[in-house]
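Biologist: I would like to understand how the labels on this model were earned. Could you take me through the reasoning?

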Amino acid sequence: MTSLAIAANGLRKSYGDKVVLDGIDLAVPAGTVFALLGPNGAGKTTAVKILSTLVTADAGDVRVGGHDLTTDPQAVRAAIGVTGQFSAVDGLITGEENMLLMADLHHLTRSEGRRVTTELLHRFDLADAAAKPASTYSGGMKRRLDLAMTLVGDPRIIFLDEPTTGLDPRSRHTTWQIVRDLVRDGVTVFLTTQYLEEADQLADRIAVLHDGRIAAEGTAAHLKRLVPGGHVRLRFTDPTAYRTALTTLPDSTHDDDALTLHVPGTTSQNDLRTLLDHLHTTGIHADELTVHTPDLDDVFFALTDPTTHPDQPDRPKENAR
Ligand SMILES: Nc1ncnc2c1ncn2[C@@H]1O[C@H](COP(=O)(O)OP(=O)(O)OP(=O)(O)O)[C@@H](O)[C@H]1O
């Protein structure tokens with residue numbers, strides 16, 4: 001049986017009368033990536049703070065790295081690394097000095113500290129900037145330095161609280177590769193993110209936090225199956241053609257201003273053929289046809305906002321085929 005790096009049962013936390021975590025369960029197998037998704041204020045950071053011993057839960061049994069969070073927080077701290085929205089980077093000293101300071105905190109010998117620092121600065125593409133004050137680093141470089149500092153102690157479980165928020169696409173991909181490399185080395189990663197693509201790219205399992213509870217949990221593929229099938233979007237420039245299509249495809253939702261129809265459930269090969277045959281035989285000519293398959297965005301919106309239906313015409317993300 002796979003051992004669990006993180007196991008939480010009945011985790012509760014309130015601030016005043018605001019219930020932030022209403023008894024959540026988490027099970028993260030060792031050596032996997034777990035993503036906690038949720039809208040702003042859902043309690044993601046609170047969960048990370050509790051699991052990393054920075055904040056005390058009101059109730060719940062939690063084991064991290066096999067250690068009980070309540071009775072053995074020191075052992076938990078020794079097993080984990082945390083990088084979050086509150087960076088440990090000191091801007092007044094250089095990247096290298098930040099790393100050496102971390103090595104001191106972890107009681108590494110001077111030579112071992114230098115070896116680890118050199119290796120990590122190189123691995124995180126910071127060797128050229130090592131002698132510069134961290135305050136001169138770009139946002140992406142600071143994040144990488146923060147992560148490199150976290151790894152000085154060689155933690156087996158890492159908490160990444162929104163690791164790529166505000167980063168450009170290249171820095172985001174670099175961070176993703178770093179996470180993949182860590183997991184390849186057997187590290188467990190607990191990640192919070194606002195980016196569904198990030199969870200899709202990295203996570204073995206994803207949990208969606210909503211109203212203090214886990215609204216859904218599973219692989220990206222599993223979650224995508226929770227929302228209704230996709231649709232085909234037909235866009236017209238000719239209002240007459242649009243109106244004709246509307247009368248012959250009564251099941252579709254429509255946007256009269258944009259002259260678009262959304263035909264639900266038509267993403268399989270056979271469905272598409274039937275639709276195209278229908279358009280052909282009825283002489284309807286659409287100017288644009290795009291196939292929309294459900295993605296994590298749809299899952300997220302469906303689970304965290306009951307008023308938003310994934311097939312609504314104003315939903316973004318069309319996959320042109
Ligand atoms: N120390 C605190 N005192 C009072 N309320 C708090 C405290 N910390 C968090 N909260 C509240 O708890 C709720 C959850 O906050 P949290 O930061 O965990 O959410 P989040 O999902 O990480 O949000 P975001 O994506 O915006 O970072 C919010 O309503 C927040 O205002």
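**Asking how we know**

Modeller: Gladly! Keep in mind that this is a predicted model. By class, the shell around the ligand holds 3 nonpolar, 6 polar and 2 charged residues.

Biologist: Which residues surround the ligand?

Modeller: They are Tyr15, Lys18, Val20, Gly38, Asn40, Gly41, Ala42, Gly43, Lys44, Thr45 and Thr46. Each one counts because its C-beta atom, placed from the backbone, lies within 6 Å of the ligand. Strand 2 (18-29) and helix 1 are the elements that give two or more residues to this shell, and helix 1 gives the most, with 3 residues.

Biologist: What makes helix 1 (residues 44-51) largely enclosed by the rest of the structure?

Modeller: The cut-off for buried is 20 or more other C-beta atoms within 10 Å of a residue's own. In helix 1, 8 of the 8 residues are buried, so the helix is largely enclosed. Lys44 and Leu51 are among them. Thr53, with a positive phi near 70°, follows helix 1.

Biologist: Now the sheet. In what order do its 6 strands lie?

Modeller: The order is 6-7-8-3-9-10, in an open sheet with mixed pairing.

Biologist: Why are strand 6 (80-83) and strand 10 (213-218) said to stand at the edges?

Modeller: Each has a single partner strand, so one side of each is left without a neighbour in the sheet.

Biologist: How do you know that strand 9 (residues 205-210) pairs with strand 10?

Modeller: Pairing needs at least two bridges, and 5 bridges join these antiparallel strands, so they count as a pair. Val208 stands opposite Ala216 in strand 10.

Notes. Residues are numbered from 1 along each chain as its sequence is written. This is a predicted model: local features need pLDDT of at least 70, side-chain atom pairs count only at pLDDT 80 or more; totals for chains, interfaces and linings use all residues. A residue is buried if 20 or more other C-beta atoms lie within 10 Å of its own, exposed if 12 or fewer, and partly exposed in between; C-beta atoms are placed from the backbone. Helices (H or I, at least four residues) and strands (E, at least two) are DSSP runs, numbered from the N terminus. Ala, Val, Leu, Ile, Met, Phe, Trp, Tyr, Cys and Pro count as nonpolar, Asp, Glu, Lys and Arg as charged, and the others, Gly among them, as polar.
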